[in-house]
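Let's take a look at a protein model together. Have the picture handy and follow along.

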There are 2 protein chains.
Amino acid sequence: MDNSKIGQHISGQFNKELEDVRNKVLTMGGLVEQQIELAVTAFSTGDVEMAELVIKQDNQVDALEVAIDHECMQILALRQPAAFDLRLLITVIKIVNELERVGDLAERVAEMAIQLTSAESSSKRDQYYELEHMAELVQNMLHGALDVFARMNIEEVAIITSLDDNVDREYGSIIRQLITRMMEDPRNITRMLDVLWIARSLERIGDHACNICDHLVYMVKGEDVRHLTQAELEEKVKG
Amino acid sequence: MDNSKIGQHISGQFNKELEDVRNKVLTMGGLVEQQIELAVTAFSTGDVEMAELVIKQDNQVDALEVAIDHECMQILALRQPAAFDLRLLITVIKIVNELERVGDLAERVAEMAIQLTSAESSSKRDQYYELEHMAELVQNMLHGALDVFARMNIEEVAIITSLDDNVDREYGSIIRQLITRMMEDPRNITRMLDVLWIARSLERIGDHACNICDHLVYMVKGEDVRHLTQAELEEKVKG
């Protein structure tokens, strides 16, 4: 399936409105992706200014959420769309909600990065490469989900959601490591809890990417797949 | 403002549909409230069967989410509502999403309750009365938010959202206590982390109750108040 479902309206103006909403969602998605990238880099390098930028960007993300929501409501009220167009607009409302929450989580990573930077020397930072790998995974998941939205290729959805098991495994392993370090030296506890919140935030970003995928399957297929197993989902999105 | 906005439609069938959706949301809300109540009691008393019931109930909550979402989409497609009716349906879609997440958090509390019960004797349980108080606070918030939905008395919203500061304060205090206990005896760490996840879940239930309030103000007033300060919100909902 491609983008051809958009662009079939007799009203050129309606087409433009839907395209505009789609573009704004992708802009918002790009901004949130950048937030995660910067937050994780700020954590790895101890760059406080970069972390502060992430926190500032959250206002932009929130403003986009409000603007897109408003635009969707206007279109729903004035155009009274049905079928695919209706699902598209409702899906957009759900996706911007997920993205706003991802933005909040990136902000949280940035806040923890600032706290950790003030608490420890940068020489200790190379200990967290597992966390950086997990960050890469969830970034790929979110990027993939946004790509599905841009190209409406929902066959890709199953690949993205299947990565969530890896994320959960890595998350579990990081938590166990953190507990070990806390036990070895209780002076580590506060710092390790900050790292734990970062791991937790990343894990939840992966969940939101999966939620976006579910919404997209609904948009394209008109079927609610939120509570299916991975195997059932794979069956559903097959080409 | 009262419920009189519903019931003005020439089509009695349309009225019935909207009433039905509203009732289902309240049923779902009641179920989620019960989940929290049981999860917290299971934690306090170490009742594993009760905790398992909470986990089972989550299927019902998920099913209600899917059913209500579907019903809203049907009404949107067939009735093409505008103004208040449109906002009501979009708000319902957002509220059931918040409630579903609250249900997941209650499930998480129940899971931690099970883990803690297998790890410690019940004589230790009276140490967590602060957590129980925090649970009470967020239960009141959620109950209040659902009451606003039932009675559409949005003046009450500001009282509910103002409680979130108390929740955050109690949450901070609980976290500091848990850290102290971990430092005093590192053998406590794993158990204290389980309690920490419970505190975190409760804190987030409070956030979801606030989100529901924001959605309800939008429904009634048509204004997006999600990113306002508490003072701005109070101004907005004044009678």
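Helices here are DSSP runs of H or I with at least four residues, numbered from the N terminus. This is a predicted model, where local features need pLDDT of at least 70 and side-chain atom pairs count only at pLDDT 80 or more. Residues are numbered from 1 along each chain as its sequence is written.

Start with A:Asp194, which sits in helix α6 (residues 189–221) of chain A. A:Asp194 is buried (under 20% relative accessible area). Even so, A:Asp194 has no salt bridge (a side-chain nitrogen of Lys or Arg within 4 Å of a carboxyl oxygen of Asp or Glu). The nearest side chain of opposite charge belongs to A:Arg108, 7.3 Å away. Leaving aside residues up to four places away in sequence, A:Asp194 touches (heavy atoms within 4.5 Å) A:Met112, A:Gln115 and A:Leu116.

Now hop over to chain B. The axes of helix α5 (residues 157–184) and helix α7 (residues 230–237) of chain B come within 9 Å and cross at roughly 170°. That makes α5(B) roughly antiparallel (an angle over 145 degrees) to α7(B). On the α5(B) side, the contact includes B:Val157 and B:Thr161, and on the α7(B) side it includes B:Leu233 and B:Val237.

Finally, here are two glutamines that have a positive phi although neither is a glycine. Both count as partly exposed (between 20% and 50% relative accessible area).

| Residue | Phi | Relative accessible area | Loop |
|---|---|---|---|
| A:Gln80 | about 45° | 28% | between α2 (48–79) and α3 (83–119) of chain A |
| B:Gln80 | about 45° | 27% | between α2 (48–79) and α3 (83–119) of chain B |

Notes
Chains lettered and ligands numbered in written order. Heavy atoms only, no water. Helix = DSSP H or I, 4+ residues; strand = E, 2+ residues; numbered from the N terminus. Buried < 20%, exposed > 50% of the residue type's maximum accessible area, 1.4 Å probe, protein only. Lys, Arg positive; Asp, Glu negative; His and termini not counted. Axes fitted to C-alpha atoms, helices over the stretch in contact; angles between N-to-C directions. Parallel < 35°, antiparallel > 145°, perpendicular 65-115°, else oblique.
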